[in-house]
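Dear colleague,

I am handing over the structure below, followed by an account of what was found in it. Please read the two side by side.

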Number of protein chains: 2
Amino acid sequence: MASRNKIFLGTFVHSKSRTELEYLHDAAMCVDGSSGTIVHIERDFGSDHSPASIERLVSQLGPSWASSSPSESGGGGGGGGDDGNSSHHRDGYDVVATEQGQFFFPGFVDTHIHAAQYPNAGLFGKTTLLDWLEEYTFPLEASLASDLPKAKRVYTTAVRRTLRNGTTTAAYYATIDVAATNLLADVCLSLGQRALVGRVCMDERTVCPAYYRDESAEESLRRTVETVEHCARVDPTGRMVGPILTPRFAPSCSVESMRGLAALQRSRDLPVQTHVSENRGEISLVKKMFAGLEGATLEGDEDGGVSYPGVYDAVGLLTGRTILAHGVYLTEREAALVSARGSKVAHCPCSNSALASGSARVRWLWQHGIDVGLGTDVSGGYSASILEAARQAALVSRVVAVAEAERRAGGEAETSKLTAQEVLYLATRGGAVVVGMEDRLGGFEVGMQWDAQLVGLGMVKEEEEEEEDGEDDDGNCDVFGWESWGERLEKWLYTGDDRNTKMVWVGGRLVHERRVKGRRSGCM
Amino acid sequence: MASRNKIFLGTFVHSKSRTELEYLHDAAMCVDGSSGTIVHIERDFGSDHSPASIERLVSQLGPSWASSSPSESGGGGGGGGDDGNSSHHRDGYDVVATEQGQFFFPGFVDTHIHAAQYPNAGLFGKTTLLDWLEEYTFPLEASLASDLPKAKRVYTTAVRRTLRNGTTTAAYYATIDVAATNLLADVCLSLGQRALVGRVCMDERTVCPAYYRDESAEESLRRTVETVEHCARVDPTGRMVGPILTPRFAPSCSVESMRGLAALQRSRDLPVQTHVSENRGEISLVKKMFAGLEGATLEGDEDGGVSYPGVYDAVGLLTGRTILAHGVYLTEREAALVSARGSKVAHCPCSNSALASGSARVRWLWQHGIDVGLGTDVSGGYSASILEAARQAALVSRVVAVAEAERRAGGEAETSKLTAQEVLYLATRGGAVVVGMEDRLGGFEVGMQWDAQLVGLGMVKEEEEEEEDGEDDDGNCDVFGWESWGERLEKWLYTGDDRNTKMVWVGGRLVHERRVKGRRSGCM
């Protein structure tokens with residue numbers, strides 16, 4: 001999977017903290033082809049991209065950079081970068097430079113997405129969680145589990161679509177089927193997307209339909225182990241594709257199967273993903289189904305009875321490596337528990353609004369010391385784009401702010417509102433923390449993987465001109481030229497789409513490049 | 001502005017009612033070039049598009065259709081349709097047929113958009129209405145009012161952008177400047193978008209900044225009349241571009257100027273647009289500023305004191321031709337008043353969420369007998385797309401439903417949720433009612449204008465293939481082939497964008513056509 005060494009030049013933007021974006025202009029970053037990591041950053045490289053200037057940069061690096069074999073052709077994925085303004089080969093390494101107004105941004109991390117549900121993106125009618133599962137979700141997932149060619153078509157489409165939208169790492173739910181789950185791991189590996197891939201565990205006999213469930217807790221565990229071992233076979237390093245234990249959600253799992261997964265988690269130190277407190281009806285169901293489960297009730301909890309995250313804690317699944325999707329209705333005591341265990345939350349605003357689940361309170365979760373990332377939650381969520389999830393996170397936080405202000409009868413609640421900087425943090429570094437890869441992903445630092453996207457916004461022409469014969473492929477994001485960099489990032493967040501994501505790399509490998517009208521769209 | 005006669009063949013989708021979309025397959029619609037109206041609909045035309053079949057259709061029409069002069073070349077706008085699969089010339093008329101999976105849909109109506117604010121789309125930080133006006137809006141609008149080349153660049157970009165997104169009719173706010181407002185009317189006329197164009201009236205001296213206001217009520221009226229007369233000069237028929245009286249919002253207007261506008265409205269029977277009950281702080285301001293205004297207090301109103309729509313009613317501006325943007329916080333009594341006067345509401349969900357104004361209750365408005373359309377409200381709203389507004393209307397209605405369920409302490413409130421069918425109604429026929437053009441716009445009926453868009457969704461290939469050299473320009477909307485037509489429309493609503501709007505006509509004239517990679521993108 002090794003690709004050529006690469007040098008990136010120009011403007012880089014990433015999260016310095018939750019509240020602040022850092023802008024590096026005229027900088028240079030050097031990426032080692034074999035490891036995919038950033039090995040050198042020069043913050044004040046300057047705007048001189050001449051061969052001499054680049055040679056000076058390279059002279060500080062190791063011997064692999066001095067190689068002058070022109071037979072080493074471009075990286076994998078969508079194209080080798082063999083011409084055009086923004087990318088050109090040099091001996092031993094490739095150079096990619098931002099054009100005016102473009103910038104490199106860390107790849108997005110999707111902390112919660114159901115690859116198998118991708119064909120249902122946008123389809124949910126007026127359902128909410130529990131009837132949505134029965135009407136839309138179980139039938140589609142079951143159809144993939146029994147039809148590998150269909151699964152391949154769906155997974156290939158989903159992974160390509162998310163890559164085009166800048167998602168470089170995703171935590172996927174597949175289906176209950178071993179072969180189809182393994183196929184998803186293969187597709188991610190082949191298309192070059194970093195992924196956690198989980199076989200969905202669901203063996204409970206009242207909630208799961210007879211046509212789509214594990215027949216027993218033992219079967220659920222055995223089949224899970226098969227997918228864990230497949231991942232280790234196809235990617236022994238675990239750097240690109242790894243397994244994740246995936247009890248669908250408490251109501252679909254027997255206590256026995258959850259305890260078995262918890263034991264597996266401890267013995268192999270695996271990540272876990274599941275859902276929690278998404279919907280009022282679901283929470284009632286959990287309280288009923290797990291009434292009497294020892295250790296699942298939190299003393300002093302305002303909600304009373306069995307606690308939903310308390311159930312996961314009681315069976316040993318509330319770990320520091322656990323991703324909990326949603327968490328819309330967590331109580332104070334529950335948030336304290338989740339925080340104490342170090343479990344993370346995947347915030348899925350598109351899904352929560354679409355399924356009328358509610359509005360999760362991100363700042364409240366942060367205030368409780370819980371790490372948060374973003375999930376598209378396709379197909380509860382209608383969009384495969386983390387940029388859309390970030391946009392909706394910002395909008396939903398304003399809905400939460402209004403509700404708070406109303407509860408306090410007047411005044412405006414500023415505190416819940418998330419800024420552009422904060423939701424872009426959620427989309428990158430926040431997500432990296434949630435998937436347990438914050439040491440490798442989410443920002444531009446020496447030692448981190450080059451998981452990145454080249455972003456270009458549309459520049460409105462100075463003079464009125466006739467509409468061109470052909471679209472400019474910059475979408476709806478119009479920059480007039482007087483905007484600050486902060487404003488450009490806000491415009492990207494609120495009006496951008498996959499057309500602004502010109503190139504995508506994972507681990508230094510080019511995995512997507514927009515090409516329109518026969519030219520490289522990376523060049524504005 | 002006359003264009004050639006046109007025949008449209010294939011699949012047509014429009015709102016039959018608020019709750020139902022109608023699908024016509026293998027249908028034909030004939031559009032008269034000089035008037036732009038649909039003169040004939042054949043619902044069962046069939047799939048035979050042969051010359052003989054079309055000749056039979058044409059033989060039922062008037063003599064202008066029999067003309068066989070090949071010198072009559074294509075319509076105006078983006079292209080004449082001179083080759084390709086979906087459009088081909090015939091003697092005396094053009095024929096445009098949907099390809100597989102494509103459909104004609106009525107053009108969108110944007111009932112509330114500030115053209116002058118377009119460069120700020122996506123920029124609002126953490127502001128709410130009143131500080132947003134001071135920080136973002138007044139400075140930008142003032143800069144356009146004094147700089148016609150800048151205004152031309154901004155208006156041209158805004159009108160092209162909305163056309164590309166399928167908006168065939170828009171109710172625009174310009175600025176306070178006469179020349180720049182007249183310029184907006186000219187730009188709409190030249191680019192072929194149907195528009196109501198309003199000069200913004202604001203003469204109040206505490207809310208409006210000294211650098212951006214009318215100096216007196218008299219000046220405000222006089223300058224308004226100048227723009228009204230300009231519209232009549234450039235489009236004597238009033239079919240394409242007409243004036244609309246535009247008191248910005250009550251706090252920015254003196255009672256005298258509003259009474260003057262009301263007199264002008266009555267004497268010339270003009271439409272009116274303004275804002276109402278968008279934000280709590282704004283409502284408090286209105287109650288304070290207009291305390292004591294006779295006729296502005298509603299007996300038994302739960303809110304007490306002066307009523308915001310009551311102020312408009314007291315000065316004579318609450319008419320059957322009045323468009324009220326927002327109406328988030330209307331009380332029962334206020335809704336009854338608005339309904340009694342026949343005023344309409346422009347629902348702007350993107351803006352209401354972005355500026356943390358609140359969530360308007362569309363079904364509640366409907367239940368009070370108020371007609372509702374959609375507005376992008378650029379740049380309170382971040383998007384120039386009515387499809388995005390429709391999507392957000394559906395999502396926000398679910399937020400409203402959740403809040404209702406919570407207030408009722410349990411259960412799920414289904415009633416507030418808007419369906420895909422309902423928000424697409426808002427985007428077309430609903431909007432047509434709001435701008436007072438429901439007899440001419442919003443659906444496919446004999447006598448209506450051909451204001452329409454050709455929509456094409458992305459078809460996922462059957463076989464796994466290498467990614468093409470070039471994007472397919474169908475965006476994120478992936479159709480796998482097994483979806484019903486209803487599901488396709490839902491996918492378009494939730495995952496579509498301007499890439500799915502392949503061609504746009506206003507009054508029978510082609511005003512936008514996507515062209516990618518040198519080929520017509522209307523052909524899938």
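Buried area here means the accessible area, taken with a 1.4 Å probe, that two parts lose on being put together, summed over both. In this model, which is predicted, the area buried between chain A and chain B comes to about 6700 Å², and carbon and sulfur atoms give 48% of that area. The contact draws 74 residues from chain A and 74 residues from chain B.

As for the symmetry of the pair, two copies of a chain are in general related by a rotation about an axis and a shift along it. Here a turn of 180°, with a shift of 0.0 Å along the axis, lays chain A on chain B with an RMSD of 0.0 Å, and that is the relation of a two-fold axis. The copies meet through the same surface, because 100% of the interface residues of chain A are also interface residues in chain B.

Turning to the polar side of the interface, the rule finds 10 salt bridges across the interface of chain A and chain B, one of which joins the side chains of A:D497 and B:R499 at 3.7 Å, N to O. Between the two chains, the count of residue pairs in polar contact, both at pLDDT 80 or more, is 28. On chain A, the elements that each supply at least two residues of the side touching chain B are α3 (148–164), α10 (349–354), α12 (386–407), α14 (485–495), β21 (509–513) and β22 (515–516), and α3(A) gives the most, with 9 residues. Sorted by class, that side of chain A has 36 charged, 19 polar and 19 nonpolar residues.

Within the single chain, chain A holds 14 helices and 23 strands. Its radius of gyration is 23 Å, close to the 24 Å that the globule rule gives for 524 residues, so chain A is as compact as a globular protein of that length. Taken along the principal axes, the C-alpha atoms of chain A fill a box of roughly 75 × 60 × 45 Å.

Finally, over all chains the count by the same rule comes to 58 salt bridges. Among them is the pair of B:R56 and B:E42, whose closest N and O atoms are 3.0 Å apart; this pair links distant parts of chain B, since B:R56 lies in helix α1 (residues 51–58) and B:E42 in strand β3 (residues 38–42), 14 residues apart.

With best regards

Conventions. Residues are numbered from 1 along each chain as its sequence is written. Chains are lettered from A and ligands numbered from 1 in the order in which they are written. This is a predicted model: local features need pLDDT of at least 70, side-chain atom pairs count only at pLDDT 80 or more; totals for chains, interfaces and linings use all residues. Side-chain values use heavy atoms; hydrogens and water are left out. Contact means heavy atoms within 4.5 Å. A salt bridge is a side-chain nitrogen of Lys or Arg within 4 Å of a carboxyl oxygen of Asp or Glu. A polar contact is a pair of N or O atoms within 3.5 Å; within protein, one must be able to donate a hydrogen and the other to accept it, and residues adjacent in sequence count only if both atoms are side-chain atoms. Helices (H or I, at least four residues) and strands (E, at least two) are DSSP runs, numbered from the N terminus. Ala, Val, Leu, Ile, Met, Phe, Trp, Tyr, Cys and Pro count as nonpolar, Asp, Glu, Lys and Arg as charged, and the others, Gly among them, as polar. Copies are superposed by least squares on the C-alpha atoms of residues with pLDDT of at least 70 in both. The radius of gyration is taken over C-alpha atoms; the globule rule is 2.2 Å times the number of residues to the power 0.38.
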